[in-house]
Amino acid sequence: MSKWLIAAFAALFGAAIVLAAAPSPDDTGVMTITARRVQTPPAGIDDPVWQRVVPVQVPVAGRLELADVEGAVSTKALFTDDELFFLLSWEDPTRSITKESWRFDGEKWVHLKGDEDRIALLFEIDRINQFSSKSCAVVCHSPADLPRTQWKLATRSPSEKGDLWHWKAARSAPYRHADDGWLTVAGNPSGSYRETGRRYDTGSGGDAKNETPDGSRPLYMQDPARKPSSPGFLLLEEAVPIADYSIFKAGDVVPYRLPVKPSGSRFDVKAESRHADGRWIVMLHRKLDTGQDNDVAFDVRKRFSFAIAVFDDSGADHSKATRSLTLIFKR
């Protein structure tokens, strides 16, 4: 499993005014997050505007074998006339970007242990039954008596629909975005190894596996004629086939998952990220209204149900969950 966390909104009106979101739950147990407007969008993680925003510490707790694990996510948010910004920070001692990279041991190629850190935000587009009160539990978990291999991330009916933003430390961070997808009933979409309700927005993106047809070793390496645009990663567009394996020595590492350059609506959610002092800091931002049917259109006069999940070096299901959240906007 992995970890679910939650988001909150806050912003400033003027340069000298500090505004805070309201983190306390209402009488139904739903946490209300208040977003306030700013004139100028933050230029990045270190923009001084974020220092004027009071963070909301949202508690999270694990379930099943991680039921005793607790934590919190520090969340800030801003919006302008046409864009929405989140700044999320959570404790994570290790920067996990391995995603089963290849390592040459001197004789053969083996996969390193390890996955990647991730964060995902799920917004309600068309009403998902009980999502506003039970949060991710209604879409993330099948009955508890089923083995986890049969769990599905999906809605229960075609009339229910969610907007899924999925930032991945190894696969989307190099291109400074979060994979933009949507949630519907379970099925087997093209390229999926199991039934799931996850679908991707139109456009390119994702990643490609770096392996020979027999799966015994990597197929690609960094183009020696090009300086890596994202050191530590191997982008598919900068990769070339390995012509001579004798150039590798024991201990050499080559990435297994190659990020694919994103485009189209799948590239709507932009991101900046940094891991420092045992914490991830991730800024996500997107237009309030992209004009796409598979994206939630944020009308600042309305309320929106949503949830956030954080994954620690995991490609499996989540281990921490929050209560339900409601996002409201205030000018």
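This tour moves through the model selection by selection, from a strand and its partners to aromatic contacts, a pocket and a sheet.

The model is predicted: local features need pLDDT of at least 70 and side-chain atom pairs count only at pLDDT 80 or more, while totals for chains, interfaces and linings use all residues. Residues are numbered from 1 along each chain as its sequence is written, and side-chain values use heavy atoms, with hydrogens and water left out.

**Stop 1: strand 21 and its partners**

Select residues 304-311, which make up strand 21. Strands here are DSSP runs of E with at least two residues, numbered from the N terminus. Strand 21 is mostly covered, with 8 of its 8 residues buried; buried means under 20% relative accessible area, exposed over 50% and partly exposed in between, with a 1.4 Å probe and protein chains only. Display the side chains: Phe304, Phe306, Ile308 and Val310 point one way, whereas Ser305, Ala307, Ala309 and Phe311 point the other way.

Add residues 118-126, strand 10, which pairs with strand 21 in the antiparallel sense over 6 bridges. Two strands pair if DSSP finds at least two bridges between them. Within this pairing, Leu121 has Ile308 as its bridge partner in strand 21. Next add residues 325-330: this is strand 23, antiparallel to strand 21 over 3 bridges. Here Phe306 is bridged to Leu325 of strand 23.

**Stop 2: aromatic contacts**

The structure holds 16 aromatic pairs. Rings of Phe, Tyr and Trp (its six-membered ring) pair if their centres lie within 6.5 Å; planes under 30 degrees apart count as stacked, over 60 as edge-to-face and the rest as tilted. Select Phe86 and Phe306, a tilted pair at 6.4 Å centre to centre with 55 degrees between the planes. The pair links distant parts of the chain, since Phe86 lies in strand 7 and Phe306 in strand 21, 220 residues apart. Phe86 is buried at a relative accessible area of 0%, and Phe306 counts as buried at 1%.

Then select Tyr245 and Phe248, also a tilted pair, with 6.4 Å centre to centre and 45 degrees between the planes. Phe248 counts as buried, at 13% relative accessibility.

For a wider view, select the aromatic cluster formed by Phe79, Phe86, Phe123, Trp165, Phe298, Phe304, Phe306 and Phe329.

Two arginines merit a separate selection. The charged end of Arg118 sits over the ring of Phe311, 3.9 Å from its centre; the criterion is NZ of Lys or CZ of Arg within 6 Å of the ring centre and within 35 degrees of the ring normal. The charged end of Arg217 sits over the ring of Tyr245, 3.9 Å from the ring centre.

**Stop 3: the second largest pocket**

Select Ser74, Lys76, Leu87, Ser89 and Ile281, the closest to the pocket centre among its 13 lining residues. The volume of this pocket is about 230 Å³, taken as the space filled by probe spheres set on grid points joined across faces, edges and corners. On a 1 Å grid over the protein atoms alone, a pocket is an open set of points where a 1.4 Å probe fits, with protein on both sides within 12 Å along at least five of seven lines; lining residues have an atom within 4 Å of a point. Strand 7 gives the most to the lining, with 3 residues.

**Stop 4: an open sheet**

Finally, select the open sheet of 3 strands, ordered 9-8-17 with antiparallel pairing. Its edge strands are strand 9 (109-111) and strand 17 (253-254). Strand 8 (residues 102-104) pairs with strand 9 over 3 bridges, and Trp102 has His111 as its bridge partner in strand 9.

Definitions and conventions
Helices (H or I, at least four residues) and strands (E, at least two) are DSSP runs, numbered from the N terminus.
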